[in-house]
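Please open the model in your viewer and keep the sequence panel beside it, since each stop on this tour asks you to select something and then says what is there.

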Amino acid sequence: MMNSTVTKRGLMIIKTAELETVAGVTTKGLPQTGRPEFAFAGRSNVGKSSLINSIAKRKALARTSGTPGKTQTMNFYNINNELTLVDLPGYGYAKVDQDFKKKWGRMIERYLTGSKTLKGIILLVDIRHKPTADDIDMYEWIRSMGFTCAVVATKLDKLKRSEVKKALALITETLGLKEEDMLIPFSASNGAGRDEVCEFIDNTLMEEGS
Ligand SMILES: Nc1nc2c(ncn2[C@@H]2O[C@H](COP(=O)(O)OP(=O)(O)O)[C@@H](O)[C@H]2O)c(=O)[nH]1
Ligand SMILES: [Mg+2]
């Protein structure tokens, strides 16, 4: 099952990948790429930019950082002129002031509710930690909006093999994942789970008939 649709259909064979648009809290209007979009949401430092680099097979397309709260913009990546990956600013960063948090919330919501081409949302959680109240809010919001969602559990390489099952069960239980929800363990260090994320994107597009 793994990898079949991805390679057969060829969509996720990366030919080109580039940063196309950067939108901040003061940016008016949203970029209209016309291409199907997938947004990556999650806490600051969870690994959103690293996952985008892994999907795009580029080392430094999206800037990664050990310092939380670095990316406060929405970055739109054009993949193959076929698809747009949207790196959302991370939430749950304590040092960001309340005023920014409000603006941030409005910006994200404006995008997530306003985009006509957004096909799916990928929610990232750190496999080592119990999802936070913010993660639960985000997940419930995604579901309530009726979006197709996959949950990616990042930093798989940081757990011992014997710890993985329990960690995934805690995420499933805390978020209240349903049978039909996808939970994909992923490591940016060794690429584990990368193809499953691509497959989720590909399947979502196929179901949409795009
Ligand atoms: N070991 C390990 N480190 C990771 C992984 N994903 C991200 N990181 C590290 O975690 C930090 C934050 O990653 P980044 O992609 O910038 O997170 P973002 O803030 O959500 O975009 C960086 O130092 C990354 O190198 C992973 O799967 N395994
Ligand atoms: Mg980032």
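The tour goes from the whole chain to one strand and its partners, then to a loop residue, and ends at the ligand.

**The whole chain.** Keep in mind from the start that this is a predicted model. Colour the protein chain by secondary structure, and you should be able to pick out 6 helices and 7 strands, which, read along the sequence, follow the pattern α-β-β-α-β-β-α-β-α-β-α-β-α. Of the 210 residues of the protein chain, 39% count as buried. If you then display contacts with a sequence separation of 6 or more, 74% of them are accounted for by residues 24 or more positions apart.

**Strand S5.** Next select residues 118–126, which form strand S5, a mostly covered element in which 8 of the 9 residues are buried. Which strands is S5 joined to by bridges? Adding residues 37–42 to the selection brings in strand S2, which runs parallel to S5 and is joined to it by 6 bridges; to find one such pairing, look from Ala 41 to its bridge partner in S5, Leu 123. Adding residues 148–154 brings in strand S6, also parallel to S5 and joined to it by 7 bridges, and here Gly 120 has Thr 148 as its bridge partner in S6. To follow the connection between S5 and S6, trace the chain from S5 through helix H4, residues 133–144, and on to S6, a β-α-β crossover that is right-handed.

**Phe 147.** Now select Phe 147, whose place is in the loop between H4 and S6. Is Phe 147 buried, partly exposed or exposed? Phe 147 counts as partly exposed because it has 16 C-beta neighbours inside 10 Å, whereas a buried residue would need 20 or more. Leaving aside neighbours within four places in sequence, the residues to show in contact with Phe 147 are Gly 120, Ile 121 and Ile 142. If you draw a C-alpha to C-alpha distance from Phe 147 to Ile 122, it should read 9.9 Å, although the two are 25 residues apart in sequence.

**Ligand 1.** Finally, centre the view on ligand 1 and show the 20 residues around it, of which Gly 47, Lys 48, Ser 49, Ser 50 and Thr 64 come nearest. Highlighting helix H2, residues 48–56, marks the element that gives the largest share of this shell, 3 residues. If you colour the shell around ligand 1 by residue class, you should find 14 polar, 4 charged and 2 nonpolar residues.

Key
Residues numbered from 1 in each chain as written. Chains lettered and ligands numbered in written order. Predicted model: local features only at pLDDT ≥ 70, side-chain atom pairs only at ≥ 80, totals over all residues. Buried ≥ 20, exposed ≤ 12 C-beta atoms within 10 Å, placed from the backbone. Helix = DSSP H or I, 4+ residues; strand = E, 2+ residues; numbered from the N terminus. Pairing = 2+ DSSP bridges. Right-handed = clockwise from strand over helix to strand, strands pointing away. Near = placed C-beta within 6 Å. Nonpolar A, V, L, I, M, F, W, Y, C, P; charged D, E, K, R; others polar. Contact = placed C-beta atoms within 7 Å.
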